[in-house]
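Hi everyone, and thanks for coming. I'd like to walk you through a structure that is new to most of you, so please have a look at it before I start.

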Amino acid sequence: MEAKSIQLYQLAHKKLHLGEKEAMEFVDVIQDTIEGRTINFVTKEYLDVRLMELELKILMKISETEKNILRWMFTYWIGQLAVMVGFLYLFVKH
C-alpha cells in the first residue's frame, strides 16, 4: 500500500469512525475512482512521440512538394528553351 493510501486509511479509520474492513473498502473505492479517471491522461512521453511523428509527416510533405516544384520548374525551363530555339530558328531561316 502506498503512503497516501495508508494516510487515507488512517483518516477514514480515525476521523470517520470506520472499522478496519470498511476503511480498506473506502480506500479501495477511492483508488479505483482515481485510476478510472486518470486512465485517459496524456503523458509527456506520448506527446513527445506524437509531436515527432507529426514533424516527420510535415517534413516528408515538404520534401515531396519541393520535388514537384523542381520537376515543374525544369519542365517549364525546357519548354521555354524549346520555344526560344524555335523562334530563333524561324528568324534565322527567314
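**A walk along the helices**

Let's begin with one residue, L70. At 42% relative accessibility, L70 counts as partly exposed, because that value falls between the 20% limit for buried and the 50% limit for exposed. One thing to keep in mind from the start: what you see is a predicted model.

Where does L70 sit? It lies in helix α3, which covers residues 44-93. L70 also has company on the surface: together with I69, M73, F74, Y76 and W77, it forms a nonpolar patch. Taken together, these residues offer about 620 Å² of accessible area.

Now let's step back and look at the protein as a whole. How many helices and strands does it have? There are three helices and zero strands, and from the N terminus on the order is simply α-α-α. The radius of gyration is 36 Å, well over the 12 Å that the globule rule gives for 94 residues, so the protein is more spread out than a compact globule. You can see that in the dimensions too: along its principal axes, the C-alpha trace spans about 115 × 15 × 15 Å.

How much of the chain is buried? Of the 94 residues, 5% count as buried. The accessible surface comes to about 9000 Å², and 67% of that belongs to carbon and sulfur atoms.

Let's turn to charge. The protein carries 12 positive and 13 negative side chains, and the centres of those two sets lie 12 Å apart. Some of the negative ones gather on the surface: E2, E22, E25, D28, D32 and E35 form a negative patch. Take E22 from that group. It is found in helix α2, and with a relative accessible area of 43%, E22 is partly exposed.

While we are in helix α2, which runs over residues 20-38, let me point out Q31 as well. Q31 is partly exposed, at a relative accessible area of 26%. Which residue can we pair it with for a distance check? Try S5: Q31 and S5 are 26 residues apart in sequence, and their C-alpha atoms are 8.1 Å apart in space.

Compare that with a second pair, starting from T43. T43 lies in the loop between α2 and α3, and it is partly exposed, with a relative accessible area of 41%. From T43 to V83 we count 40 residues in sequence, and from C-alpha to C-alpha the two are 60 Å apart in space.

Next, the salt bridges. How many are there in the whole structure? A search finds two.

One of them joins the side chains of D48 and K44, at 3.1 Å from N to O. Why might these two be able to meet? D48 and K44 are four residues apart in helix α3, so about one helical turn separates them. As for their surroundings, D48 is partly exposed at a relative accessible area of 35%, whereas K44 is exposed at 58%.

The other salt bridge is between R50 and E53, whose closest N and O atoms are 3.2 Å apart. Here too both partners lie in helix α3, this time three residues apart, again about one turn of the helix. R50 counts as partly exposed at 34% relative accessibility, and E53 is partly exposed as well, with a relative accessible area of 37%.

To finish, here is the picture I'd like you to take away. We have a predicted model with three helices and zero strands, and a C-alpha trace spanning about 115 × 15 × 15 Å. On its surface there is a nonpolar patch that includes L70 and a negative patch that includes E22. Helix α3 holds the salt bridge partners D48 and K44, along with R50 and E53.

Thanks for listening!

Key
Residues numbered from 1 in each chain as written. Predicted model: local features only at pLDDT ≥ 70, side-chain atom pairs only at ≥ 80, totals over all residues. Heavy atoms only, no water. Patch = residues over 30% accessible without salt bridge, like charges linked within 9 Å, V, L, I, M, F, W, Y side chains within 5 Å. Areas by Shrake-Rupley, 256 points an atom, 1.4 Å probe, with all protein chains shown as cover. Salt bridge = Lys/Arg side-chain N within 4 Å of Asp/Glu carboxyl O. Helix = DSSP H or I, 4+ residues; strand = E, 2+ residues; numbered from the N terminus. Buried < 20%, exposed > 50% of the residue type's maximum accessible area, 1.4 Å probe, protein only. Lys, Arg positive; Asp, Glu negative; His and termini not counted. Charge placed at Lys NZ, Arg CZ, Asp CG, Glu CD. Rg over C-alpha atoms; globule rule 2.2 N^0.38 Å.
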